[in-house]
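Work through the exercises below with the sequence and the model open. Try each task before reading its solution.

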Amino acid sequence: MENKIEARHLNLYYGQKHALKDVSLDIKENKITAFIGPSGCGKSTFLKTLNRMNDYVDNVKIEGDVILDGEDIYDNRVDTTLLRKKVGMVFQQPNPFPMSIYDNVAYGPRIHGIKNKKQLDKIVEDSLKAAALYDEVSDRLHSSALGLSGGQQQRLCIARALAVQPEVILLDEPTSALDPISTLKIEELLLQLKDQYTIAIVTHNMQQASRIADYTAFFLVGEMVEYGPTKDVFGMPKDKRTEDYITGRFG
């Protein structure tokens with residue numbers, strides 16, 4: 001099984017704070033990898049190292065390597081715009097742009113130079129279908145995206161990420177602001193999408209990780225304590241801290 005991303009001896013500092021401590025982790029191609037752990041343990045910070053979102057944070061220092069398809073994404077020659085096209089991101093709070101549903105999805109392709117209306121129409125339709133949203137919005141593509149429900153907005157954000165044809169999708173607690181029915185729709189969607197994309201997801205929801213992730217990594221105070229197939233991490237954890245966290249005895 002191919003590794004899509006390999007992190008090696010990754011250390012990240014916010015000023016004096018050592019936020020990630022010597023993290024080494026493989027993310028398998030066309031699988032879902034979940035990052036679990038208590039608040040402030042480094043899982044979202046690690047996720048953002050995978051497409052250099054931490055570049056936007058002041059006073060960050062990163063040591064180690066993140067290898068995507070055999071290339072170090074922290075090499076000075078890397079074009080971060082193209083990197084983030086290849087490695088898309090969906091955030092915790094749905095964040096559609098204050099424009100139409102159509103323009104939200106067409107935004108990325110337009111930035112990358114696609115102007116042809118017929119081509120954009122197809123991208124918008126295909127992306128909304130891939131995000132399991134098209135049937136719900138096909139008659140109001142030119143209405144404001146802000147009129148959608150929270151769950152629909154989050155699927156729109158996934159469609160927006162898909163529109164630029166990424167290879168990897170990063171999701172930072174994408175269902176934490178959603179109701180159970182919307183959460184289930186997103187989970188079903190991710191299980192379908194992994195046939196075409198490599199997916200990494202940060203989640204506080206143990207049941208969610210156990211339901212959808214092929215692999216799970218447990219983070220604690222900036223360290224990756226345990227990583228492996230989800231059934232092993234949940235069923236036979238090697239580290240007592242992992243077991244305590246999963247069973248709710250952690251404290």
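**Exercise 1.** How many of the five residues of strand β7 (residues 168-172) are buried?

*Solution.* Two remarks come before the steps. This is a predicted model, in which local features need pLDDT of at least 70 and side-chain atom pairs count only at pLDDT 80 or more, while totals for chains, interfaces and linings use all residues. Residues are numbered from 1 along each chain as its sequence is written, and side-chain values use heavy atoms, with hydrogens and water left out.

Step 1. Fix the terms: buried means under 20% relative accessible area, exposed over 50%, and partly exposed in between, with a 1.4 Å probe and protein chains only. Helices (H or I, at least four residues) and strands (E, at least two) are DSSP runs, numbered from the N terminus.

Step 2. Count. Five of the five residues of β7 are buried, so the strand is largely enclosed by the rest of the structure.

Step 3. Check each face. V168, L170 and D172 lie on one side, I169 and L171 on the other, and all are buried.

**Exercise 2.** Find the strands that pair with β7, and give the sense of the pairing.

*Solution.* Step 1. Two strands pair if DSSP finds at least two bridges between them.

Step 2. Strand β6 (residues 87-90) pairs with β7 in the parallel sense over four bridges. M89 has L170 of β7 as its bridge partner.

Step 3. Strand β8 (residues 198-202) and β7 are also parallel, with five bridges. Here L171 is matched with I201 of β8.

Step 4. Follow the chain from β7 to β8. Together with helix α7 (residues 180-193), these strands make a right-handed β-α-β unit; right-handed means that, with the strands pointing away from the viewer, the path from the first strand over the helix to the second runs clockwise.

**Exercise 3.** Describe helix α7: its span, its buried side and its N-terminal end.

*Solution.* Step 1. The expected span of a helix is 1.5 Å times one less than its number of residues. For the 14 residues of α7 this gives 20 Å, and the end C-alpha atoms are 20 Å apart, which agrees.

Step 2. The buried residues of α7 are S182, T183, I186, E187, L189, L190 and L193. Seen down the axis, they fall within an arc of 160° (taken from the directions from the helix axis to the C-beta atoms), so they line one face of the helix. An α-helix has 3.6 residues a turn, so residues three or four places apart point the same way.

Step 3. The face turned away from the buried side carries the exposed residues P180, I181 and Q192.

Step 4. The elements against which the buried residues of α7 pack include β7, β8 and α6 (150-162).

Step 5. D179 caps the N-terminal end of α7, with a side-chain oxygen 3.0 Å from the backbone nitrogen of I181.

**Exercise 4.** Which strands form the open sheet with antiparallel pairing, and in what order?

*Solution.* Step 1. The order is β2-β1-β4-β5.

Step 2. β2 and β5 (71-72) stand at the edges with a single partner strand each, so one side of each is left without a neighbour in the sheet.

Step 3. At one edge, β4 (residues 60-68) and β5 pair over two bridges, and I67 has D72 of β5 as its bridge partner.

Step 4. L20 is found in β2 (residues 17-28), and at 0% relative accessibility L20 counts as buried. The C-alpha atoms of L20 and E223 are separated by 6.2 Å, although these residues are 203 residues apart along the chain.

Conventions
Contact = heavy atoms within 4.5 Å. Polar contact = N/O pair within 3.5 Å; in protein donor to acceptor, adjacent residues only side chain to side chain.
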